[in-house]
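The exercises below are to be worked with the sequence and the coordinates at hand. Each task is followed by a solution in steps.

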Amino acid sequence: MSWQPIIDGLTQGVRLILTGDRVVMQIALRSLETAAAATGMAALIGMPIGVVIGLGSFRGRGFLKTLFSALVGVPTVTLGLFLYILFSRSGPLGYLQILYTVPGIAVGEAVLVTPLVISFVASAVEARDVGVRDLARTLGASEYESSLAILREAWSGVSLALVSSFNRAFAELGIAMMIGGNIEGLTRVLTSAIALQTAMGELGLAFALSFILLIVVISLNFLIAYLGRER
Amino acid sequence: MTEKKGMAINQKTAVILAVIVVIALVGAVWYFNRPVAGKTQLIVSTTTSFFETGFLSTLKKSFEAQYPQYNVSFISQGTGLALATAARGDADLVLVHAPSSEKMFLTNGTGVNRKIIAYNYFLLVGPASDPAGINGLSIVDALKKIVASGEAGTALWVSRGDKSGTNTKEIALFKLAGFDTTKLVAEKDPSGSPWYLSAGAGMTATLQLADQKSAYTLTDIASYINNQAKGNIHLVQYVGPGKDMLNVYSVIVINPSMKNYRGTFDAAMIFERYLVSTDGQNLFANFGVAGQTVFNPWIPLKTANTDTTTITWIQNYAYINGTECPTKYRVQADDLYK
């Protein structure tokens with residue numbers, strides 16, 4: 001009896017995947033898109049900052065590093081609330097009209113994971129720094145070129161940063177709820193759908209969606225690991 | 001050279017990641033544009049009980065079938081947050097159930113054209129063992145006994161504690177019985193732990209908490225039947241339908257002259273008029289949870305004018321200065337109040 005919702009959830013989850021349920025597929029795709037777009041934006045902004053912090057030797061570097069490490073732990077509801085006030089029609093960025101939209105969620109998740117990219121990239125680059133840069137310099141590379149060389153050398157750390165960012169964005173709930181509003185057919189993503197089904201007392205369906213989320217996350221991570229390992 | 005080998009792998013991975021990101025960005029833009037294309041989006045901020053019972057999906061389908069030029073988006077929040085969201089200009093209409101908060105919403109200039117749409121009753125539910133011995137009592141006597149038992153350490157109460165319509169009603173009922181909930185929440189039973197538990201959660205979560213803790217709680221009838229039918233809870237109804245247990249749902253349109261207005265007044269009025277039309281009212285009447293009607297339509301009750309007791313209860317409870325919406329809070333909608 002007590003295991004029933006989990007068993008129901010498993011069978012329902014398998015059935016939803018096998019039958020390719022349209023609504024569930026849409027929701028899962030929307031989750032993938034927001035998380036991927038967020039990771040992309042965070043990478044564009046976070047990687048250069050991470051390299052500068054990792055390689056630089058300026059005052060306040062240690063402070064920045066610690067600050068971004070701390071920001072990795074910001075609760076998603078806090079960030080969601082902050083962004084809601086910003087994006088609200090009566091807020092300072094209300095004219096963008098991205099509250100309750102998919103791009104709004106993506107931007108929010110990008111803000112969430114950017115500190116993570118910065119911290120990871122900074123640490124990865126730092127660990128690779130000394131030897132590679134000196135070597136690149138002696139071979140006549142410019143500052144920019146030697147930075148790129150280090151980034152390549154530190155790639156395992158950098159890709160870990162991106163994969164972790166994607167996972168965090170994919171699995172977060174606070175921003176999807178506050179910025180997305182969990183609107184049916186528009187901004188509902190896997191996590192907010194799970195929260196809603198739980199609130200509706202549909203525990204079996206909530207479990208089914210959770211399993212789908214887990215399956216997507218796990219297979220995606222294996223795929224990336226496989227591609228990275230290849231030849 | 002080993003470095004070169006490392007580079008080759010990395011660049012390949014980078015290309016794959018970049019492709020994924022680009023596809024996602026394009027997809028996101030596509031998603032953003034698709035459902036809104038050519039349609040006016042209406043944002044309705046709504047109470048959780050409509051949402052959690054699945055009524056809003058029915059409402060969305062039938063409204064959009066009749067008015068395909070609109071896309072209705074529901075955002076489920078407790079009444080308190082729903083009104084706050086609307087006051088910030090982030091919604092076009094609200095569906096709520098807290099007459100006292102609604103009055104403020106009209107008087108502070110945020111809402112106009114309030115109409116009552118449906119009603120049902122709150123229920124006082126609790127464990128089958130009935131530790132406070134409230135079976136058969138009125139709501140006031142029942143609450144007095146629960147407080148006495150709670151203070152003695154033999155009963156528990158779970159409150160939503162989230163400023164929702166149900167929470168507002170609960171506070172009012174305790175007040176009617178002579179108690180201040182802000183004081184109850186600080187009380188300790190003889191073992192030193194609180195007996196009045198403030199959950200800060202939605203109705204389903206609160207019912208589940210009450211069920212697990214064998215506690216009493218106040219619930220709307222729809223959420224109760226919904227969870228009972230699914231076997232999530234095993235709580236028993238002790239105080240049911242009656243004058244003091246009334247739950248009245250209203251629709252309020254956001255004042256078009258408000259700052260930061262979304263500019264969708266005409267669409268919002270079409271939606272409100274649909275809710276009070278025969279079609280809209282039939283949706284409430286025909287919507288069943290586990291085979292039971294949980295939202296009783298208000299307009300047919302008032303028009304038929306046979307059940308005058310219930311009508312009087314509702315008028316006393318949910319009317320503002322003797323009307324659903326005083327004249328000065330009406331905008332181009334006098335025909336709705338004939």
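Two residues are in contact if their C-beta atoms, placed from the backbone, lie within 7 Å. The model is predicted: local features need pLDDT of at least 70, side-chain atom pairs count only at pLDDT 80 or more, and totals for chains, interfaces and linings use all residues. Residues are numbered from 1 along each chain as its sequence is written, and chains are lettered from A and ligands numbered from 1 in the order in which they are written.

**Exercise 1. Describe chain A and chain B by their elements, burial and contact range.**

Step 1. Helices (H or I, at least four residues) and strands (E, at least two) are DSSP runs, numbered from the N terminus. Chain A has 10 helices and 0 strands, whereas chain B has 14 helices and 12 strands.

Step 2. A residue is buried if 20 or more other C-beta atoms lie within 10 Å of its own, exposed if 12 or fewer, and partly exposed in between, with C-beta atoms placed from the backbone. Of the 231 residues in chain A, 49% are buried; of the 338 residues in chain B, 46% are buried.

Step 3. Take the contacts in chain A between residues at least 6 apart in sequence: 76% of them join residues at least 24 apart. In chain B, 74% of the contacts with a separation of 6 or more are between residues 24 or more positions apart.

Step 4. Along its principal axes, the C-alpha trace of chain A spans about 65 × 50 × 30 Å.

**Exercise 2. Find the largest nonpolar core and its main contributors.**

Step 1. A nonpolar core is a set of buried Ala, Val, Leu, Ile, Met, Phe, Trp, Tyr and Cys residues joined through C-beta atoms within 7 Å. The largest one has 161 residues, and those with the most contacts inside it are A:Val117, A:Val121 and B:Leu93.

Step 2. Helix 5 (residues 102-138) of chain A supplies the largest share of this core, 17 residues. The core also draws at least three residues from each of domain 1 (40-119 + 248-337) and domain 2 (121-245) of chain B; these domain bounds come from an automatic or database domain assignment.

Step 3. Leaving out residues up to four places away in sequence, A:Val121 touches A:Gly46, A:Met47, A:Gly50, A:Val51, A:Gly54, A:Val158 and A:Ala161.

**Exercise 3. Characterise the contact between the two domains of chain B.**

Step 1. The centres of domain 1 and domain 2 of chain B, taken over C-alpha atoms, are 27 Å apart.

Step 2. The contact takes 19 residues from domain 1 of chain B and 16 residues from domain 2 of chain B.

Step 3. On the domain 1 side, the elements that give two or more residues are helix 2 (48-52), helix 4 (79-87) and helix 5 (99-107) of chain B. Helix 2 of chain B gives the most, with 3 residues.

Step 4. Ala, Val, Leu, Ile, Met, Phe, Trp, Tyr, Cys and Pro count as nonpolar, Asp, Glu, Lys and Arg as charged, and the others, Gly among them, as polar. The domain 1 side then divides into 7 nonpolar, 11 polar and 1 charged.

**Exercise 4. Locate helix 4 of chain B in its surroundings.**

Step 1. Its buried residues are B:Thr79, B:Ala82, B:Leu83, B:Thr85, B:Ala86 and B:Ala87.

Step 2. The buried residues of helix 4 of chain B pack against strand 1 (40-46), strand 2 (70-76), strand 3 (93-96), helix 5, helix 7 (165-176) and strand 9 (246-254) of chain B.

Step 3. B:Gly89 follows helix 4 of chain B and has a positive phi, near 90°.

**Exercise 5. Is B:Ser159 buried or exposed, and what does B:Ser159 touch?**

Step 1. B:Ser159 lies in strand 5 (residues 157-159) of chain B.

Step 2. B:Ser159 counts as buried because it has 24 C-beta neighbours inside 10 Å.

Step 3. Not counting residues up to four places away in sequence, B:Ser159 touches B:Asn167, B:Glu170, B:Thr181, B:Tyr196, B:Leu197, B:Ser198 and B:Ala199.

**Exercise 6. Place B:Leu184 and list its contacts.**

Step 1. B:Leu184 belongs to helix 8 (residues 181-184) of chain B.

Step 2. With 20 other C-beta atoms within 10 Å, B:Leu184 is buried.

Step 3. Its contacts, leaving aside neighbours within four places in sequence, are B:Val147, B:Phe174, B:Phe179 and B:Tyr196. B:Leu184 and B:Tyr196 are 12 residues apart along the chain, and their C-alpha atoms are separated by 6.2 Å.
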